[in-house]
Structure formats: C-alpha cells, structure tokens
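Me: Could you take me through this model one question at a time, giving the reasoning before each result?

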Amino acid sequence: AKPYVFITMQIPKEIVALLEDVAHVGMWEADTPCPRDKLLEEAAKADALFTMVVDRIDQEVLKRGQNLKIVANMAVGYDNIDVETAKHLGIMVSNTPDVLTEATADLTFALLMATARRVVEASQAVYEGRWQSWSPMFMAGQDVYGKTLGIVGMGRIGEAVARRARGFDMDILYHNRKPKTEAEEKLGATYCSFEDLLQKADFIVALTPLTDQTRHLFGRREFELMKKTAIFINVSRGPVVDEEALYHALKEKQIWAAGLDVFHQEPVPTDHPLLTLPNVVPLPHIGSASISARMAMARLAAENIVLALTGKKPKTLISEDMWTQYRFK
Ligand code: GLV
Ligand code: GLV
C-alpha cells in the first residue's frame, strides 16, 4: 500500500504533486492552523507529517504516530516540535535551512531600516494628514550607515545580515555560545560578550533559536544595558524576549525603538501594549516570506518526505542522530 502524508496547511499544488508521486496525500486546505483533534487523528494514520511553525508537534501527537517516519517542518526553526520525544521514538525531524537565509536577512534589514528611519510611522502620517510641512526635525530618525550592529546568534542568517551590513560600513559585533573564527575573518565581525554587545551596539538583532537557554534572553536588565538610542530587532522567536520588559524599556525611552517580526502570541492581539507605541514596527512573522524562498522551503520539506518514504536519508535532518536512531531504517 502507498504511504500516507498529511500536510497541515494549504501549500502550492506543484509541491503536493511531488508528494503524490510516492504517497496518498491529505491536506488541511486552509490558511489557518489545522485544529488539534484533526491533527491528532491524522498523525495516527500518517507515515509523514508536513508541518508549519504554528503546529504544536508534542509528545501526544508523536505517540499517536505509530507509522510516523518523519516530521518535515517548513521552517528553519523547530521549537514547535518535541525533538527529544521524536528522537526517543526514532521519528526523524527535518527543517528547511539555507533556502530561506537570504530572504530572511533581507527582511531583517528591511525591519532595521524601517525602524531606524521611522518608515511606517512616517507613511502613516502621510495617510492621516499629519504631514503639514517639511520641517527640520519632522520624522527624524537614526542613522544606519556607519553604525554598530550587534548580532546575537551568528548562524547562517546572522552571517547574511552581516554581509549586508558591510555595504553600510557598519562595525559588526556578534555573540554566540562559542566564537566563529571563520565568520570573523570572512565578515570582519568581532566576537564579544553578551553584555559588551548590549552596551556597544546601536542595533541589536536577535537571531538565536528558541531553546530553554534563550527563553527571555532579553529582559529588563538587558534593555537597561543598551544605549538610549539603541534599536532592538527580533526576527527569531517571540519568547526570546520578555515582552513586558521590552514594553517598559520602549515606553520609558530606555531604548529608542524596536522592530518585531515575532511575538509570544501569534497573531499578536491587536490590543497588545506593544502595538500602542509609535516606536515599534510590528510585522506578522514574514521573515522568510519571499515567493521564491517559500516555494524552496515547501519543495525541500517535500523532498525530505519523499526521501524518507523511499528509505533514503532526508537532505536536511535537524541532526545526524535522527538518521542513526531512525526506527524503520
Ligand atoms: C520561521 O520562523 C522559520 O523558522 O523558518
Ligand atoms: C539558524 O539556523 C540560522 O540559519 O541562522
């Protein structure tokens, strides 16, 4: 019998067709998350799950999947998946690195520039008739060119952001668990302690994955260490920031502005305190959302599933032991 694949949200037909070559395919045909009971029911039948960042793939889902071979997440991050349980059960997990790196770095820079130069706030002023005249300090913001960029989490996306920053003649600082000497040479980036980075950078960009170690990495103390003119950019995951502390820092002008592509709760409620501040640029988790990047991510997730279902090693498992511990190998 053909294996069965369940896709948790609507994806383009041509990607579904790749899967249909090797499997029967079921799909939650909507642009809103697959309901929990449906997900549980499908997991029980599926040989493979094609998942999104909004799906919580926890122990309950994984345990239902008696035939489950792979969970292919259409994202580089996989904090939505209980990886420990997957490993323990011998279920493979894959993500979609590399294909979204440049698109996400582009969006990071868009958010950085929009926040520094008050692009959204200024545009709103035009719509709302608050553009009364050119005037010397109207909508004056911060420079980007020649400033200091601090990257927290120098992975592939961090490196791509650093390459863009060089064109703006920025000084580049970064902090990681361990220094990346190749990156330093290639990018002219300087390793520094987390505290040093917070104190010296004009732009602090969070690009670290969400883990137990990075949850609320940015809290009251961290914002207090930043410059009054600092701009904080988050394109990783909402929970790396204590949102109450961020609100307080922005409200009290401890820092100058924030650009946020991610939130604790997504969609962020429209009455969220952060959305009441003019010095916040919020975006709806669109870091990788260029048409070509999203198509490449979907294709890569599908390819990983096809490989798994034909007994081959998927291209982008989140770690090698996913293959060595795979239960149906
Ligand atoms: C999106 O947030 C991703 O991790 O790809
Ligand atoms: C993280 O995985 C990154 O690509 O920066």
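**Loops, sheets and charged pairs**

Me: Between which two elements lies the loop in which K253 is found?
Reply: In this predicted model, K253 has a positive phi of about 60° although it is not a glycine. Its relative accessibility of 54% makes K253 an exposed residue. In the chain, K253 belongs to the loop between helix 11 and strand 11.

Me: Is M139 buried or exposed?
Reply: M139 occupies the loop between helix 6 (119–127) and strand 6, and its phi is near 55°, a positive value in a residue other than glycine. Buried is taken as under 20% relative accessible area. At 17%, M139 is therefore buried.

Me: What is the approximate omega of the peptide bond from E266 to P267?
Reply: P267 is placed in the loop between strand 11 and strand 12. The bond that leads into P267 from E266 is cis, with omega near -5°.

Me: With which side chain does the side chain of E243 make a polar contact?
Reply: E243 lies in helix 11 (residues 243–251), and this residue is buried without a salt bridge, since R215, the nearest side chain of opposite charge, is 11 Å away. Neighbours within four places in sequence apart, E243 is in contact with F263, H264, H272 and L274. From its side chain there is a polar contact of 2.9 Å to the side chain of H272.

Me: In the sheet of seven strands, what does the twist average from one strand to the next?
Reply: The sheet is open, with parallel pairing and the strand order 8-7-6-9-10-11-12. Strand 8 (189–191) and strand 12 (280–282) each have a single partner strand, so they stand at the edges with one side left without a neighbour in the sheet. From one strand to the next, the twist averages 20°.

Me: In strand 10, which residue is the bridge partner of I204?
Reply: Strand 9 (residues 203–206) and strand 10 (residues 231–234) are paired in the parallel sense over four bridges. Within strand 10, I204 has as its bridge partner F232.

Me: What angle does the direction of helix 5 make with that of strand 10?
Reply: Helix 5 (residues 101–116) packs on the sheet and touches strand 6 (148–152), strand 9, strand 10, strand 11 (257–260) and strand 12. Relative to the direction of strand 10, the direction of this helix makes an angle of about 150°.

Me: Why is one side of strand 2 and of strand 5 left without a neighbour in the sheet?
Reply: These strands belong to an open sheet of five, with the order 2-1-3-4-5 and parallel pairing. Strand 2 (24–27) and strand 5 (92–94) stand at its edges, and one side of each has no neighbour because each has a single partner strand.

Me: What angle does the direction of helix 12 make with that of strand 3?
Reply: Strand 3 (residues 48–51) runs parallel to strand 4 (residues 70–73) and is joined to it by four bridges, with A72 in strand 4 as the bridge partner of F50. Helix 1 (residues 13–20) packs on the sheet, touching strand 1 (4–7), strand 2 and strand 3, and makes about 145° with the direction of strand 2. Helix 12 (residues 291–309) also packs on the sheet, touching strand 1, strand 3, strand 4 and strand 5, and its angle with the direction of strand 3 is about 170°.

Me: How many residues apart are R163 and E102?
Reply: R163 is partly exposed at 41% relative accessible area, and E102 is partly exposed at 36%. Their salt bridge brings the closest N and O atoms to 2.4 Å. This pair links distant parts of the chain, R163 in helix 7 and E102 in helix 5, with a separation of 61 residues.

Me: In which element does E195 lie, and in which R221?
Reply: E195 has a relative accessible area of 37% and is partly exposed, and R221, at 41%, is partly exposed as well. Their side chains meet in a salt bridge of 2.1 Å, N to O. The pair ties together parts 26 residues apart in sequence, because E195 lies in helix 9 (residues 194–200) and R221 in helix 10 (residues 220–225).

Definitions and conventions: Residues numbered from 1 in each chain as written. Chains lettered and ligands numbered in written order. Predicted model: local features only at pLDDT ≥ 70, side-chain atom pairs only at ≥ 80, totals over all residues. Heavy atoms only, no water. Buried < 20%, exposed > 50% of the residue type's maximum accessible area, 1.4 Å probe, protein only. Lys, Arg positive; Asp, Glu negative; His and termini not counted. Salt bridge = Lys/Arg side-chain N within 4 Å of Asp/Glu carboxyl O. Polar contact = N/O pair within 3.5 Å; in protein donor to acceptor, adjacent residues only side chain to side chain. Contact = heavy atoms within 4.5 Å. Pairing = 2+ DSSP bridges. Axes fitted to C-alpha atoms, helices over the stretch in contact; angles between N-to-C directions.
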